[in-house]
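Colleague: Could you take me through one part of this model at close range? I would also welcome a little of the setting around that part.

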Amino acid sequence: MPDETAERGIGEPEEPPEQRTRTRPRKQPQLTRAGQPIDRRQRLRIPPHHVTKQTPHDRVHNWDEVYFGYTAGPAMFEAQRCIQCPAAPCIQVCPIDNDIPGALAFLELGKLADAAAVFRQTSEMPELCGRLCPQEALCEGSCVVGKNAKPVAIGKLEAFLGDWDRQQRGGFPIPQPDLETGQRVAIVGAGPAGLAVAEQMRAAGHDVTVFEAWPSAGGVLRYGIPNFKTAKDIVDEKAVALAAAGVEFHFETRVGVDIGWDELSQWDAVFLAHGASIGKRLGLEGERLAGIYSATEFLVRANLDNKVLPAALRSRPHVGRKVVVVGGGDTSMDCVRSALRLGADDVTLLYRRTENEMIGREEERRHAREEGVTFEYLTTPVRLIGKDGALVGIECVRMTLGEPDESGRRRPQPMPGSEFVIDCDAFVVAVGYDVGREVYGDSGIDISDWGEVIVDEHGRTSRPGVFAGGDNVIGADLVVTALRGAHDAIPAMLTYLEELQTERALAMAAG
Ligand code: SF4
């Protein structure tokens, strides 16, 4: 398959041009054929095949994904860079144990369906993890090739294979149970953990009902991650495949409010996957002024169509000319970049420590800088200034770093007398998320002081038949760690349901 994006000449390469010129081969190496593998030294000499992406100038004027993604030819060459090391540290650090060398061995031979199948064995959504995992801290960070060169582009190859596979099939694979058990499983939350459990429970033949507070499926995939990182049609396709398999979705239904635990206990097993979506507040005076947004409200109103939003959120946020965002993670980068796409001229990020202490991805910060965001490190807001009920400015103070705190990062301390005011029209608070507690109601389920569900290593809660996984167990984290939580619970749920069925059969036989 030709490299269409390269032929069209659109986009910009991942690396600066001078580096591209140095590493680009005069002649592409021949593809391997089964039984004739190129050796390890040859593989190490293959230069990286970069993925093209939109230029910063282009991309701030649209909401499309930044990366164009691989096409088959370059993906096969990139896969040849994997040296198939026996220890495979990439598998060990992948939270869901993806067999990366196994998939890439098929990919380099052009066996794309087989390669995609390897990823689908351990992941319900490789095209999403390939886009969203912080690979530099996971699979690619451990890649042996990466010790002396750029690591194999595992994430983008995984995303390519997932996309290719869906295009061939016309969507995600639809779970096909061999038998129907008649047992019922309720899932609270249609985010990545909830969807993964729904898929596996349905594949095992159970009737699955998903209760979701938002009007559509996806959780953080739809209501947290902006379109320029993940196109929402992938999330739509996932929900369509599950619905086609018979999974029943009840949207705009809040467990603990619209449906209680009396009703929920009519299901044979329950999986809690309500995530961590309550935005933390700063507790500053003036936080209710017009023009101040939580990160979630800002992102959903900026990124999503009205048809997947509740009535109260069906309008774009007003950004005016100047926008300030506070926070240091990937969500804050999503907010500053969304503000630019909404038309703000001047977007500033405030962070109370330095870039070294930031917890998000370096790539996200680089993209934000390229697009024109100003970073104010060692700076924190202390007062929100309003006029006629609307925000007009933020008083900030400069910080200095003291001794490390419990997180191991140096504790920021205000510098007396360093206060200053930034004029702005909108302010977005992106300082983290808490777990909502309304779901628990009178369930009696043990939770931590922070509202996280307490589970054992198999995702079992303190209430028999109720399991949990994802952000509502470990706090706001990654899509792939949510899948890990789901995968931990699935075998225990299946065993529980089987034992329940046996107990009922024995009881019926006895009486
Ligand atoms: Fe890497 Fe994430 Fe894919 Fe695992 S799921 S191989 S960590 S991108």
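**A close look at helix α16 and its surroundings**

Modeller: Happy to! Keep in mind that this is a predicted model. Buried residues account for 54% of the 511 residues in the protein. The fold is built from 19 helices and 16 strands. Its radius of gyration is 24 Å, close to the 24 Å that the globule rule gives for 511 residues, so the protein is as compact as a globular protein of that length. The C-alpha trace spans about 80 × 65 × 45 Å along the principal axes. Of the contacts between residues at least 6 apart in sequence, 70% join residues at least 24 apart.

Two more overall values may be handy for you. The accessible surface comes to about 23100 Å², and carbon and sulfur atoms hold 49% of that. There are 57 positive and 75 negative charges, and the mean positions of the two sets are 6 Å apart.

Now to α16 itself. This helix has twelve residues, and the distance from its first C-alpha to its last is 17 Å, close to the 16 Å expected at 1.5 Å a residue. Ten of those twelve residues are buried, so the helix is mostly covered. The buried set is Ser332, Met333, Asp334, Cys335, Val336, Arg337, Ser338, Ala339, Leu340 and Arg341. Charged side chains appear in that list too, as you can see from Asp334, Arg337 and Arg341. After the helix comes glycine 343, with a positive phi near 110°.

One of the elements that α16 (330-341) meets is helix α15, whose buried residues pack against it. Helix α15 covers residues 295-303 and is mostly covered as well, with eight of its nine residues buried. Those eight are Ala295, Thr296, Phe298, Leu299, Val300, Arg301, Ala302 and Asn303. Besides α16, the buried residues of α15 pack against α12, β6 (292-294), β14 (426-429) and β15 (433-434). That gives α15 both helices and strands as packing partners.

Following α12 leads to another helix, α13, since α12 (220-223) is among the elements that cover the buried residues of α13. Helix α13 runs over residues 232-244; at 1.5 Å a residue its 13 residues should span 18 Å, and the end C-alpha atoms are indeed 18 Å apart. Its buried residues are Lys232, Ile234, Val235, Lys238, Ala239, Ala241 and Leu242. The cover over them also includes α9 (126-132), α10 (154-169), α11 (192-203) and β3 (248-250). Just after α13, glycine 246 has a positive phi of about 110°.

Following β15 instead takes us to glycine 451, which is found in the loop between β15 and β16. At 0% relative accessibility this glycine counts as buried. Apart from neighbours within four places in sequence, glycine 451 is in contact with Val435, Arg437, Tyr440 and Asn472. Valine 473 is 22 residues away from glycine 451 in sequence, and their C-alpha atoms are 8.6 Å apart.

At the far side of that loop, strand β16 (residues 466-468) holds phenylalanine 467. Its relative accessibility is 2%, under the 20% limit, so phenylalanine 467 counts as buried. Beyond the neighbours within four places in sequence, its contacts are Val270, Phe271, Leu272, His458, Gly459, Arg460, Thr461, Ala489, Ala492, Met493 and Tyr496. For a sense of distance, phenylalanine 467 and proline 226 are 241 residues apart in sequence and 29 Å apart in space, C-alpha to C-alpha.

Since you may want to look at backbone angles, here are two residues other than glycine with positive phi. Alanine 88 has a phi near 45° and sits in the loop between α5 (72-80) and α6 (89-93). Its relative accessible area is 6%, so alanine 88 is buried. Aspartate 97 has a phi near 60° and lies in the loop between α6 and α7 (100-108). With a relative accessible area of 41%, aspartate 97 is partly exposed.

Note on methods
Residues are numbered from 1 along each chain as its sequence is written. Side-chain values use heavy atoms; hydrogens and water are left out. Helices (H or I, at least four residues) and strands (E, at least two) are DSSP runs, numbered from the N terminus. The radius of gyration is taken over C-alpha atoms; the globule rule is 2.2 Å times the number of residues to the power 0.38. Buried means under 20% relative accessible area, exposed over 50%, partly exposed in between (1.4 Å probe, protein chains only). Contact means heavy atoms within 4.5 Å. Accessible areas come from the Shrake-Rupley method with a 1.4 Å probe; for residues, only the protein chains shown count as cover. The place of a charge is taken as NZ of Lys, CZ of Arg, CG of Asp or CD of Glu. The expected span of a helix is 1.5 Å times one less than its number of residues.
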